[in-house]
Amino acid sequence: MRVKDCVYRGRLAPSPTGFLHAGHARTFWTAQQRAEEAGGILVLRNEDLDPRRSRPEFVEAMMEDLRWFGLRWQEGPDCGGPHAPYSQSERVDFYRAGFEKLRSAGRVYPCYCSRQDVLRALQAPHAGDEEPIYPGTCRPGKPGAAQHADRTPSWRFLVPDGEVIEFQDRGRGPQRFVAGRDFGDFVVWRHDDLPSYQLAVVLDDAAMRISEVVRGEDLLLSTARQWLLYRALGLEMPAFYHCPLLTDSAGKRLAKREDALSLRALRRQGIAPECVRRQWPA
Ligand SMILES: [Zn+2]
């Protein structure tokens with residue numbers, strides 16, 4: 001699939017669930033550089049869908065930290081733009097319409113499993129923080145489907161098992177994943193009546209005419225899932241550029257937290273953004 005426009009539109013899409021750290025800043029800086037080189041613009045999208053973890057005070061802190069670091073955007077929750085609103089919590093009706101499209105096309109099915117059910121049903125333990133592969137308990141036609149009809153279901157996308165998904169990543173080169181082996185049926189609508197990350201970002205990136213998505217390489221597998229959603233929804237996929245993730249001195253990925261590597265803490269210590277950038281590996 002090709003890039004739709006000659007006008008470059010990139011995006012910064014942080015979640016207000018904690019303070020941004022140097023790892024986020026590096027990915028966003030790359031996004032800004034790519035937008036500048038292409039003579040394009042950046043959209044700031046506030047990914048505040050998770051009501052338990054998102055906090056309004058983090059939204060303010062997020063924008064303040066991004067500005068301090070030298071990041072600028074031309075559309076966003078603070079400055080508006082043609083694709084407003086730019087906060088995901090204000091776009092739920094729009095996501096619901098996308099979900100209904102998948103549902104009426106028979107591409108999703110209700111799943112009554114809890115996370116514990118999924119983990120119990122797996123033969124082998126899964127590694128890392130990647131979502132475990134769903135064993136297909138509630139797939140249509142399977143015995144055991146709708147076992148817990150008293151629970152509110154989540155809705156999973158029915159993945160075409162064995163289909164090879166290939167795309168060219170502008171950062172990491174050619175990518176190849178197998179549906180049903182590298183990832184299973186994934187949630188598109190949650191049991192708490194909100195869209196999943198996968199569905200919301202696909203609908204938003206398409207609606208906001210994003211031409212290139214710059215994000216961390218931990219999301220490469222999500223891009224394979226999203227490839228299927230773009231196709232099922234009849235939407236054109238943007239280009240992708242996945243960046244390597246920054247790790248701490250022990251080689252561990254940075255997580256959102258208030259520590260020496262949060263942008264807030266760096267600023268309080270009087271460290272200039274240029275100094276932070278100079279320490280990044282080339
Ligand atoms: Zn299930």
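A helix here is a DSSP run of H or I with at least four residues, numbered from the N terminus. The model is predicted.

**Exercise 1. Helix α2 and its end**

Task: Compare the span of helix α2 with the expected one, find which of its residues are buried and what they pack against, and describe the residue that follows.

Solution.
- Step 1. Helix α2 covers residues 56-69, which is 14 residues. From first C-alpha to last it reaches 20 Å, close to the 20 Å expected at 1.5 Å a residue.
- Step 2. Apply the cut-off: buried means under 20% relative accessible area. In α2 this picks out Phe58, Val59, Ala61, Met62, Met63, Asp65, Leu66 and Phe69.
- Step 3. Look for the partners. The buried residues of α2 pack against helix α1 (22-37), strand β2 (41-44), helix α7 (263-268) and helix α8 (273-278).
- Step 4. Step past the helix. Gly70 follows α2, and its phi is positive, near 105 degrees.

**Exercise 2. A residue in the loop before α2**

Task: Is Asn46 buried or exposed, and which residues does Asn46 touch beyond four places away in sequence?

Solution.
- Step 1. Place the residue: Asn46 sits in the loop between β2 and α2.
- Step 2. Asn46 has a relative accessible area of 2%, so it is buried.
- Step 3. Leave out residues up to four places away in sequence; Asn46 then touches Pro14, Pro16, Val59, Met62, Pro77, Tyr86, Ser87 and Gln88.
- Step 4. Two of these contacts, Val59 and Met62, are among the buried residues of α2.

**Exercise 3. The zinc site**

Task: Which atoms coordinate the zinc ion, and why does the arrangement count as tetrahedral?

Solution.
- Step 1. List the donors. They are SG of Cys111, SG of Cys113, OH of Tyr134 and SG of Cys138, at 2.0 to 2.3 Å.
- Step 2. Check the angles. The four donor atoms subtend 100 to 122 degrees around the zinc ion. Four donors count as tetrahedral if all angles lie between 85 and 135 degrees, so the test is met. The ideal tetrahedral angle is 109.5 degrees.
- Step 3. Read the spacing along the chain: C-x1-C-x20-Y-x3-C. Cys111 and Tyr134 link distant parts of the chain, 23 residues apart. Cys111 belongs to strand β3 (residues 108-111), and Tyr134 to the loop between α4 (115-121) and β4 (154-157).
- Step 4. Check cover. Cys111 is at 1% relative accessibility, so it counts as buried. Tyr134, at 6%, is buried too.

**Exercise 4. Two strand pairs**

Task: In which sense, parallel or antiparallel, does β5 run with β6, and in which does β8 pair with β9?

Solution.
- Step 1. Strands β5 (residues 164-169) and β6 (residues 173-178) are antiparallel, joined by six bridges. Ile165 stands opposite Phe177 of β6. The connection is a hairpin through three residues.
- Step 2. Strand β8 (residues 212-216) pairs with β9 in the parallel sense, over five bridges. Glu212 has Ala239 of β9 as its bridge partner.
- Step 3. Sort the side chains of β9. In a regular strand they alternate between the two faces of the sheet. Ala239, Tyr241 and Cys243 point one way, Phe240 and His242 the other. Five of the five residues of β9 (residues 239-243) are buried.

**Exercise 5. Helix α6**

Task: How many of the residues of α6 are buried, and what is the phi of Gly234?

Solution.
- Step 1. Helix α6 (residues 220-233) has 14 residues, which should span 20 Å at 1.5 Å a residue; the end C-alpha atoms are 20 Å apart, in agreement.
- Step 2. Twelve of the 14 residues are buried, so α6 is largely enclosed by the rest of the structure. Among them are Arg225, Gln226, Trp227 and Tyr230.
- Step 3. Just after α6, Gly234 takes a positive phi of about 70 degrees.

**Exercise 6. Backbone exceptions**

Task: Which peptide bond is cis, and where do Asp193 and Arg209 lie?

Solution.
- Step 1. Recall the background: most residues other than glycine have a negative phi, and most peptide bonds are trans.
- Step 2. The bond between Ala84 and Pro85 is cis, with omega about 0 degrees. Pro85 lies in the loop between α2 and α3 (92-104).
- Step 3. Asp193 has a positive phi, near 65 degrees. Asp193 lies in the loop between β7 (186-189) and α5, and at 42% relative accessibility counts as partly exposed.
- Step 4. Arg209 also has a positive phi, near 55 degrees. Arg209 is in the loop between α5 and β8 and is partly exposed at 38%.
- Step 5. Ile210 is in that loop as well, but is buried at 0%. The C-alpha atoms of Ile210 and Leu42 are 8.9 Å apart, with their places 168 residues apart along the chain.

Terms used: Residues are numbered from 1 along each chain as its sequence is written. This is a predicted model: local features need pLDDT of at least 70, side-chain atom pairs count only at pLDDT 80 or more; totals for chains, interfaces and linings use all residues. Side-chain values use heavy atoms; hydrogens and water are left out. Donors are N, O and S atoms within 2.8 Å of the metal (3.2 Å for Na, K and Ca); water is not among the atoms, so sites may look incomplete. Four donors count as tetrahedral if all angles lie between 85 and 135 degrees; four count as square planar and six as octahedral if opposite donors are over 155 degrees apart and all others between 65 and 115; anything else is irregular. Buried means under 20% relative accessible area, exposed over 50%, partly exposed in between (1.4 Å probe, protein chains only). The expected span of a helix is 1.5 Å times one less than its number of residues. Contact means heavy atoms within 4.5 Å. Two strands pair if DSSP finds at least two bridges between them.
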